[in-house]
Amino acid sequence: MSHITDDVSYPAILLVGKTGAGKSTLGNLLLKQPHDDGPFQVSADMESVTQECSTAIISIDGITYNIIDTPGIFDTQLVTDKIFEEIAKTVKKCNYGIKAILFVLEAKRFSAEQRSVLEGIRNFFGEGAIDYIIAVFSHATKSQIRDRNVMQKAWNAPVLSFIEDIKNRWGISPNSDYFPPDDYIHQARLREIMTFISSMRGVYTAEQLEKSLQEQEKARRQKEEEEERNKQEHEEKLKDIARKEAEETHKRKVEQMEREQKAKQEYEENLKRKRQEEAEEKHRQMVEKMKQEERERQIQEENLRKKQQEETEERYRRKLEQMRQEQEREEELIRQQEREWELRRQQEKEEELRRQRERE
């Protein structure tokens, strides 16, 4: 059974989340209607179709509930106060309380934006609502819908912390393009969500919301009063700053005159000292130049002396080398003569031996 109604005569199931998160789609699937052609209107763009809360009747495990589709919470395109007023007005109509709050968030957007949405929901409904929140991940991949473990592996630390806060109550909104309504995986994912709804103890009441709203209003007034006090303190500080700045300006003017006079005296002294230093530097450079010239003259003389000594030594070395070579030639000549003499003696000896043999 499913039809749109303004009457809230049963415990309610709230669909909350950002525009485009898939609230209306999930509502239609829970009502066993086509995801894009059910009681709740679905839009393909990011403009929120759900400007007002819409309600339908749903039966889960034999118990009748009102399932309520809400405008996108914290959408920048919409006026947030008007959305909260619309949701608060609907909750106040729920005389039998809120059985569950289905917080629909996109599986592909685990970001600081999702954390801010969660904090906004907590602030709006109050901390008491955390016991009735069920997280439902939408726009999941085919593998994530088929296997919940694949979805869990994609969580980062903020998402894991959020799931722990709501006592591990989470489900996955099936995608009819991946798994048709008659597929057991499609039905299993919806059954998990409905089981969490059925197992909820107690209800979140309009009184709890009213208390939360009163606390928010009190916090808002305190914030405004604090801002007003801060504003007055700021104005007083500005006046005090202006007075101190006037005194400081006069003080700086007097100090500036003193600094200028001192600077003038220092300039004159520096100019005098600079001229004296320039004269001393000029004299020092002149003396240094004379010393440098003397050192260069001495170096030239030393180099000339070394050169003459080296030339003398070179002549002596060449003469020694020439004498050595002449001696080597004489020695070689003697050795050659000795070899010739030895050869002649050997020949003579052989000739003598030959003659002796002939005589014999």
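Confidence in this protein chain bottoms out in strand β1 (residues 4-5), with a mean pLDDT of 44, and peaks in strand β7 (residues 170-172), at 97. Keep that in mind as you look around, since this is a predicted model. The chain as a whole averages a pLDDT of 85, and 90% of the residues score at least 70.

**Where to read with care**
- Residues 1-5 stay under a pLDDT of 50, and the model gives them 17 contacts beyond four places in sequence.
- Residues 45-50 also stay under 50, with 16 contacts beyond four places in sequence.
- Where pLDDT is low, the predicted coordinates should not be read in detail.

**The chain overall**
- You will find eight helices and seven strands in the protein chain.
- Of its 360 residues, 30% are buried.
- The accessible surface is about 24500 Å², and carbon and sulfur atoms account for 48% of that.
- Taking contacts between residues at least 6 apart in sequence, 73% link residues at least 24 apart.

**A helix pair to visit: α1 and α7**
- Helix α1 covers residues 23-30 and helix α7 covers residues 184-199; their axes come within 11 Å and cross at roughly 100°.
- That crossing angle makes α1 roughly perpendicular to α7.
- On the α1 side, the residues in contact are L26, L29 and L30, which meet H186, L190, I193 and M194 of α7.
- Sorted by class, this contact between α1 and α7 has six nonpolar residues, one polar residue and no charged ones.

Note on methods
Residues numbered from 1 in each chain as written. Predicted model: local features only at pLDDT ≥ 70, side-chain atom pairs only at ≥ 80, totals over all residues. Heavy atoms only, no water. Axes fitted to C-alpha atoms, helices over the stretch in contact; angles between N-to-C directions. Helix = DSSP H or I, 4+ residues; strand = E, 2+ residues; numbered from the N terminus. Parallel < 35°, antiparallel > 145°, perpendicular 65-115°, else oblique. Contact = heavy atoms within 4.5 Å. Nonpolar A, V, L, I, M, F, W, Y, C, P; charged D, E, K, R; others polar. Buried < 20%, exposed > 50% of the residue type's maximum accessible area, 1.4 Å probe, protein only. Areas by Shrake-Rupley, 256 points an atom, 1.4 Å probe, with all protein chains shown as cover. pLDDT = per-residue confidence, 0-100.
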